Amino acid sequence: MIKVYTRKTVRTIFKRQRYGNEELSPHFLNRLGREFFDVPCLQLAKSLLGQILVRRENELTLKGRIVETEAYIAGEDIASHSHHGKITERTAPTFMDPGTIYVTRVYGMYHVFNISSQGDGACVLLRSLEPISGLEEMKKKRSFFGKGAKKQLKSYRLHEVCNGPSKLAIAFAIDTKFSGDDLVKSSELWLEPGPEKVKDEEIVECPRIGIDFAGQVWASKPFRYYLIGNTCVSKRNKHVEEQMKAAITEDVE
């Protein structure tokens, strides 16, 4: 039986002191603050593109540029874990402050990493990253993960390391222990601004992946966003890309 929580208890579920001293830590100098995350879900999903995910593990730092996201707006969105406002211990982070980490397990052994936005139960799934720093460590984590771990380091190509939600979670050592933590305060996981602002014409908007169970209406919503031409994207939507190119051609003519 699923235990259901009220909104009054949500903020008391995850009470871990893992953040360190916010005023003294150098990890707080160049991170994205609350105002970045405190926007509607669809807006956050687009704004995350081009930003840098940073994972600090002991003395090691991993960095990756976000190139693909999916928005789960909750409410009537049947594909959302928190649709119709149901709060459980698992989904509680999606009802907390925008910028709260929501990690959930899939297929019994993998994890996927989401970030809460404005709106009760709404969050954004990070689908793919372009590795920037710590590539060899990411390859090691991918190679030696799970029961079927390789006996030796696999020769992953750059675009294969984080081109999927579970792959990036493995490469960055992200699991459910982070669920409920705050990207604005955590000393282990945060976001930094990307070097360049992503333009609207660089963003592909298309249906999300693997949610046919939600029905045709919600499965067809264009709530997946990715950077056109980036090889680290998990799966291209060539049909939408062709439509974008055709629209550009018409504008030029």
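Here is a quick briefing on the structure above, grouped by topic.

The model is predicted, so keep that in mind as you read. The protein chain has seven helices and eight strands. Of its 253 residues, 49% are buried. Among contacts with a separation of 6 or more, 67% are between residues 24 or more positions apart.

**The largest pocket**

- The largest pocket comes out at a volume of about 530 Å³.
- Its lining takes in 19 residues, and the ones nearest the centre of the pocket are Tyr72, Val106, Leu125, Ile209 and Gly210.
- Five elements are listed as giving two or more residues each to that lining: strands E2 (60-72), E3 (101-106), E4 (110-116) and E5 (123-133), plus helix H5 (165-171).
- Sorted by class, the lining holds twelve nonpolar residues, five polar ones and two charged ones.

**Helix H4 and its neighbours**

- Helix H4 covers residues 135-143, and its buried residues are Met138, Lys139, Lys141, Arg142 and Ser143.
- What do the buried residues of H4 pack against? They pack against strand E1 (52-57), along with E2, E5 and H5.
- E2, E5 and H5 have turned up already, since each of them gives two or more residues to the lining of the largest pocket.

**Cysteines**

- How many disulfides are there in this model? The count is zero.
- Cys162 is in no disulfide, and the nearest cysteine sulfur to its own belongs to Cys232, 7.8 Å away.
- That spacing rules out a disulfide here because the two sulfur atoms would have to lie within 2.5 Å of each other.
- Seen from the other side, Cys232 is also in no disulfide, and its nearest cysteine sulfur is that of Cys162.
- Buried or exposed? Cys162 is buried, with a relative accessible area of 1%, and Cys232 is buried too, with a value of 2%.

**Ser179 and Val103**

- Ser179 sits in the loop between H5 and strand E6 (189-192).
- Loop or not, Ser179 is buried, with a relative accessible area of 5%; the cut-off for buried is under 20%.
- A polar atom of the Ser179 side chain lies 3.1 Å from the backbone nitrogen of Val103.

**Positive phi angles**

- Most residues other than glycine have a negative phi, so a couple of exceptions get a mention here.
- His84 is not a glycine, yet has a positive phi of about 65°.
- Where is His84 found? It is in the loop between E2 and E3.
- His84 is exposed, with a relative accessible area of 51%, and that value counts as exposed because the cut-off is over 50%.
- Ala173 is not a glycine either, and has a positive phi of about 55°.
- The place of Ala173 is in the loop between H5 and E6, and Ser179 is in that loop as well.

**Asp200**

- Asp200 belongs to the loop between E6 and strand E7 (203-206).
- At 63% relative accessibility, Asp200 counts as exposed.
- How far apart are Asp200 and Leu227 in sequence and in space? They are 27 residues apart along the chain and 9.6 Å apart from C-alpha to C-alpha.

Definitions and conventions:
Residues are numbered from 1 along each chain as its sequence is written. This is a predicted model: local features need pLDDT of at least 70, side-chain atom pairs count only at pLDDT 80 or more; totals for chains, interfaces and linings use all residues. Side-chain values use heavy atoms; hydrogens and water are left out. On a 1 Å grid over the protein atoms alone, a cavity is a set of points where a 1.4 Å probe fits but cannot get out, and a pocket is an open set with protein on both sides within 12 Å along at least five of seven lines; lining residues have an atom within 4 Å of a point. Grid points are joined across faces, edges and corners, and a volume is the space filled by probe spheres set on the points. Helices (H or I, at least four residues) and strands (E, at least two) are DSSP runs, numbered from the N terminus. Ala, Val, Leu, Ile, Met, Phe, Trp, Tyr, Cys and Pro count as nonpolar, Asp, Glu, Lys and Arg as charged, and the others, Gly among them, as polar. Buried means under 20% relative accessible area, exposed over 50%, partly exposed in between (1.4 Å probe, protein chains only). Contact means heavy atoms within 4.5 Å. A polar contact is a pair of N or O atoms within 3.5 Å; within protein, one must be able to donate a hydrogen and the other to accept it, and residues adjacent in sequence count only if both atoms are side-chain atoms.
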